[in-house]
Amino acid sequence: MRVQEVAEELGVSVPYAYKLIRTLNQELKQKGFIVIDGRIDRRFFHEKMYATCTQKEDNHNGSI
């Protein structure tokens, strides 16, 4: 995702979107990934921003 898309999706300014992308890219760099300034992986972005996880799904399938 490019910075403009991040800003539009979150309803924030472009400078703030750059700040978020820098923060997320730092996390990816620490995990050993190669990143491009001003862009973020769509799946990683959605996981971090919207807390996409399967824990609730697991609980609904009978797991406690």
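These legends describe close-up views of a predicted model.

**Figure 1. The whole chain is built from helices and has no strands.**
The secondary structure comes to four helices and zero strands. Starting at the N terminus, the elements read α-α-α-α. The chain has 64 residues, and 22% of them are buried. Take the contacts between residues at least 6 apart in sequence: 37% of these join residues at least 24 apart.

**Figure 2. Helices H1 and H2 cross at roughly 105°.**
The two axes come within 8 Å of each other. An angle of 65 to 115 degrees counts as roughly perpendicular. H1 and H2 are therefore roughly perpendicular to each other. On the H1 side, the meeting residues are Val3, Gln4, Val6, Ala7 and Leu10. On the H2 side, they are Val14, Ala17, Tyr18, Leu20 and Ile21. Sorted by class, this contact has nine nonpolar residues, one polar residue and no charged ones.

**Figure 3. Ala7 has contacts beyond its sequence neighbours.**
Leave out residues up to four places away in sequence. Ala7 then touches Val12, Ser13, Val14 and Ala17. Ala7 and Ala17 also appear among the residues where H1 meets H2.

**Figure 4. The largest nonpolar core holds 12 residues.**
Its members are Met1, Val3, Val6, Ala7, Ala17, Ile21, Leu24, Leu28, Val35, Ile40, Phe44 and Phe45. Which elements give two or more residues to this core? They are helix H1 (3-10), helix H2 (14-30) and H3. H2 gives the most, with four residues. In soluble globular proteins, nonpolar side chains tend to be buried together.

**Figure 5. Asn25 sits in helix H2.**
Is Asn25 buried or exposed? Its relative accessibility is 5%, so Asn25 counts as buried. The cut-off for buried is under 20%. Setting aside neighbours within four places in sequence, Asn25 is in contact with Val35, Ile36, Arg39 and Ile40. Val35 and Ile40 also belong to the largest nonpolar core.

**Figure 6. Gly38 lies in the loop between H2 and H3.**
Which residues does Gly38 touch, not counting those up to four places away in sequence? They are Met1, Arg2, Val3, Tyr18 and Ile21. Met1, Val3 and Ile21 are also members of the largest nonpolar core. Now compare Gly38 with Val6. They are 32 residues apart in sequence. In space, their C-alpha atoms are 9.9 Å apart.

**Figure 7. Asp41 reaches a backbone nitrogen at the start of helix H3.**
H3 covers residues 42-50. A side-chain oxygen of Asp41 comes to within 3.2 Å of the backbone nitrogen of Arg43. After the helix comes Ala51. The phi of Ala51 is positive, near 50°.

**Figure 8. Met49 is a partly exposed residue in helix H3.**
Its relative accessible area is 32%. Partly exposed residues fall between the buried limit of 20% and the exposed limit of 50%, so Met49 fits that class. Met49 and Leu24 are 25 residues apart in sequence. From C-alpha to C-alpha, they are 9.9 Å apart in space. Leu24 is one of the residues in the largest nonpolar core.

Definitions and conventions. Residues numbered from 1 in each chain as written. Predicted model: local features only at pLDDT ≥ 70, side-chain atom pairs only at ≥ 80, totals over all residues. Heavy atoms only, no water. Polar contact = N/O pair within 3.5 Å; in protein donor to acceptor, adjacent residues only side chain to side chain. Core = buried A, V, L, I, M, F, W, Y, C linked by side-chain atoms within 4.5 Å. Buried < 20%, exposed > 50% of the residue type's maximum accessible area, 1.4 Å probe, protein only. Contact = heavy atoms within 4.5 Å. Axes fitted to C-alpha atoms, helices over the stretch in contact; angles between N-to-C directions. Parallel < 35°, antiparallel > 145°, perpendicular 65-115°, else oblique. Nonpolar A, V, L, I, M, F, W, Y, C, P; charged D, E, K, R; others polar.
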